Amino acid sequence: MAKLPLVKVKDRPRVSLRSQKPPEEDSGGLYFSSAKKHIEFVRTGCTLLDLVLGGGWPLGRVANIVGDKSTGKTLLAMEAIPNFFLAYKNGWVRYVEAESAFDKTYAQRGLGIPIDRITIVEDLNTVEEVFKDMEKAADAFGEYRLNQQS
């Protein structure tokens with residue numbers, strides 16, 4: 001078998017994917033999506049995904065994570081929750097899941113998620129049920145915000 005020659009690569013600036021700065025402040029800039037200045041975000045826990053999403057998970061919007069079974073959908077959501085609570089100490093999380101893969105013990109012990117501050121909904125079977133639940137949650141959140149402002 002023939003050996004491949006080693007190729008030397010000149011020193012070049014590198015972008016750190018482990019930066020703790022928001023994506024728009026990274027030295028490499030935004031490669032995938034332009035910054036959304038009018039939207040607040042919660043970091044995903046993965047700088048590359050933050051870049052793709054334009055800043056992270058958008059606040060006040062529904063994030064629908066779709067994929068085959070056992071591809072990390074629940075883990076993405078579980079990693080977003082502590083980041084949300086770090087930014088919003090008195091925040092409100094509503095977690096809706098169809099696969100019942102949310103592991104409360106791992107969430108609490110492994111990720112430090114305060115389970116008592118999360119509403120977990122697992123009994124929705126149709127798109128219509130999910131939509132009705134979202135409407136109900138949005139109404140409750142609106143009332144909560146009004147009460148907080150007064």
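Let's start with a term: accessible areas come from the Shrake-Rupley method with a 1.4 Å probe, and for residues, only the protein chains shown count as cover. The accessible surface of this chain comes to about 11600 Å², with 54% of that belonging to carbon and sulfur atoms.

You're looking at a predicted model, where local features need pLDDT of at least 70 and side-chain atom pairs count only at pLDDT 80 or more, while totals for chains, interfaces and linings use all residues. Residues are numbered from 1 along each chain as its sequence is written, and side-chain values use heavy atoms, with hydrogens and water left out.

**Exercise 1. Work out how helices and strands follow each other along the chain.**

Step 1: Get the rule straight. Helices (H or I, at least four residues) and strands (E, at least two) are DSSP runs, numbered from the N terminus.

Step 2: Count them up, and you have 4 helices and 4 strands.

Step 3: Now read along the sequence, and the pattern is β-α-β-α-β-α-β-α.

**Exercise 2. Find which side chains of strand 3 are buried and which are not.**

Step 1: Buried means under 20% relative accessible area, exposed means over 50%, and partly exposed is in between (1.4 Å probe, protein chains only). In the whole chain of 150 residues, 25% are buried.

Step 2: Recall that side chains in a regular strand alternate between the two faces of the sheet.

Step 3: Apply that here. Val 93 and Tyr 95 point to one face and are buried, whereas Arg 94 and Val 96 point to the other face and are not.

**Exercise 3. Follow the chain from strand 3 to strand 4.**

Step 1: Check the pairing (DSSP must find at least two bridges between two strands). Strand 3 and strand 4 (residues 118-121) pair in the parallel sense over 4 bridges, and Val 96 stands opposite Val 121 in strand 4.

Step 2: Trace the link. From strand 3 the chain passes through helix 3 (residues 104-111) to strand 4, a right-handed β-α-β crossover. Right-handed means that, with the strands pointing away from the viewer, the path from the first strand over the helix to the second runs clockwise.

Step 3: Pause at Ala 107, which lies in helix 3 and is buried at 0% relative accessibility. Contact means heavy atoms within 4.5 Å. Leaving aside neighbours within four places in sequence, Ala 107 is in contact with Met 78, Phe 102, Gly 112, Ile 113 and Ile 115.

**Exercise 4. Locate the 2 salt bridges and say how covered their partners are.**

Step 1: Look for a side-chain nitrogen of Lys or Arg within 4 Å of a carboxyl oxygen of Asp or Glu, as that is a salt bridge.

Step 2: One pair is Asp 50 and Arg 43, with the closest N and O atoms 2.4 Å apart. Asp 50 is buried at 0%, but Arg 43 is partly exposed at 24%.

Step 3: Another pair is Arg 94 and Asp 133, at 2.5 Å from N to O. Arg 94 sits in strand 3 (residues 93-96) and Asp 133 in helix 4 (residues 127-149), so this pair ties together parts 39 residues apart in sequence. Arg 94 is partly exposed at 27%, while Asp 133 is buried at 7%.
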